[in-house]
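Visitor: Please take me through one part of this structure in close detail. I would like a single loop, set against the chain as a whole.

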Amino acid sequence: MSELPPNGNHDQSDPGDPVDSFEEIIAAETDRDPDLAVIEAGSRTLRTQGGPPQAEVPARPEDPEVDKALREVEGELATRWGETKLEPSVDRISALMDVLGEPQRSYPSIHITGTNGKTSTARMIEALLGAFELRTGRYTSPHVQSITERISLDGAPISAERFVETYRDVQPYVEMVDARQEYRLSFFEVLTGMAYAAFADAPVDVAVVEVGMGGSWDATNVIDASVAVVTPIALDHTDRLGTTPAEIAGEKAGVIKRNATVIMAQQPVDAAQVLLKKAVEADATVAREGLEFGVVARQVAVGGQLVTLRGLGGEYTEVYLPLHGAHQAHNAAVALAAVEAFFGVGAQRAEPLDHDTVRRAFAAVASPGRLEVVRRSPTVVLDAAHNPAGARAAAEAIGEAFQFSRLVGVVGASGDKNVRGLLEAFEPVFAEVVVTQNSSHRAMDADELAGIAVEVFGEDRVQVEPRLPDALEAAITLAEEEGEFAGGGVLVTGSVITVGEARLLLGRG
């Protein structure tokens, strides 16, 4: 079991911390000819200059008093229902919005639902809107390392001080609603109320809001978004949303409001039918990927890919996207169409958005924990895939972008996920897999995960390391067995929490 605390954060000042020795191991240089070391140092510098932007993920506050205040808020939030315990209703969040004065109605919104790609798409939408000089608020979940990541203003997570201040501002109203309801507001409902209040207080020109789960009864669904985005729907949270794409689409279609514009990614046929039916009922306008917009062309580039996108207003050529994989190109097409729709392109205006501004926005996009390279020699990549569809996309992308001669997987998954399906998706690309577990109470026991992994990979390809630091060290050692220049790599995946904790262990954050 990883010794990081449950929220995935780590106090670097703890004496005798086992992470310190691990960081020394992973930071150590392999003995080599001094001239080769100089050459490699130069190539690393060039990669840094020409590669993707560094994702901004906040660390613990340096000020002890601020850190203490943030920990107190995190502790109070932790006493509430977690994100996996739900009572499908917007009654409590509606009551909170009422006593707060309906802050969510003081700005227009773009609402994003779907199964995979929501956070990356939200970040792209945010970058595009910001490039067109609009002040943005973004609400996404879950967080990779810090709870403050969930609420962003102007493209950056709010400070710990502002997070604490926002919580304390809404706390009396939260307690007032708690006293009137059968159940207290949940962790996610309180955070949603905080986000909407922070956006109104800023104030923002537009909010980009990702649902937590589903759509109809999700806490975010007290906004009347003029643009509703539906990223690809696949099977996930089947115990709560339904066991078929059509059933899941029925829940997610709840974000489609009257007279809105619906930006619909490519979907399974049965899911698309449900979404289109809901759009007709709501008198909404629909733009479908592959018909009204889409990816025209893409080619692999250093640190990402070069794409040509067809938007609602025409083609946008030579767009550099510093993210890997076909799925991210499709997310970019969806994000572009959403922003075009927000500005009225294709409806009130015929001309496209300014091409140079679009290129500049996409070139600045970063998405932590989404095929993110955090170490070289050997290369260590993090990806938060946690269901079979996400795993298939990641497996395809890593094969295209990296061409590893040998890829070692580090997998730590949640017990409520389709773990077998996730492992089967990665089986063709992993030479070996090290199974582990993160610090969350939802984490699948490493031995239980190993039992499934042995059935998928065979006993000779599976190694068990219950502690994440040990799992990372073991995987890096296995990758290094290929030799210094042979191209071995490590992919850490299975859960956002696993990725977040690995990111901290590998010195990011």
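Guide: What follows looks at one loop, after a short word on the chain. This is a predicted model, in which local features need pLDDT of at least 70 and side-chain atom pairs count only at pLDDT 80 or more, while totals for chains, interfaces and linings use all residues. Residues are numbered from 1 along each chain as its sequence is written, and side-chain values use heavy atoms, with hydrogens and water left out.

The protein chain has 17 helices and 17 strands. These are DSSP runs, numbered from the N terminus: helices are H or I, at least four residues, and strands are E, at least two. Of its 509 residues, 55% count as buried. Buried means under 20% relative accessible area, exposed over 50%, and partly exposed in between (1.4 Å probe, protein chains only).

Now the loop. Valine 57 lies between α2 and α3. Valine 57 is buried because its relative accessible area is 11%. The C-alpha atoms of valine 57 and proline 368 are separated by 7.4 Å. Along the chain, these two residues are 311 residues apart.

Glutamate 62 is also in a loop, the one between α2 (34-50) and α3 (64-78). Glutamate 62 is exposed, because its relative accessible area is 81%.

Across the protein chain, take contacts (heavy atoms within 4.5 Å). Among those between residues at least 6 apart in sequence, 74% join residues at least 24 apart.
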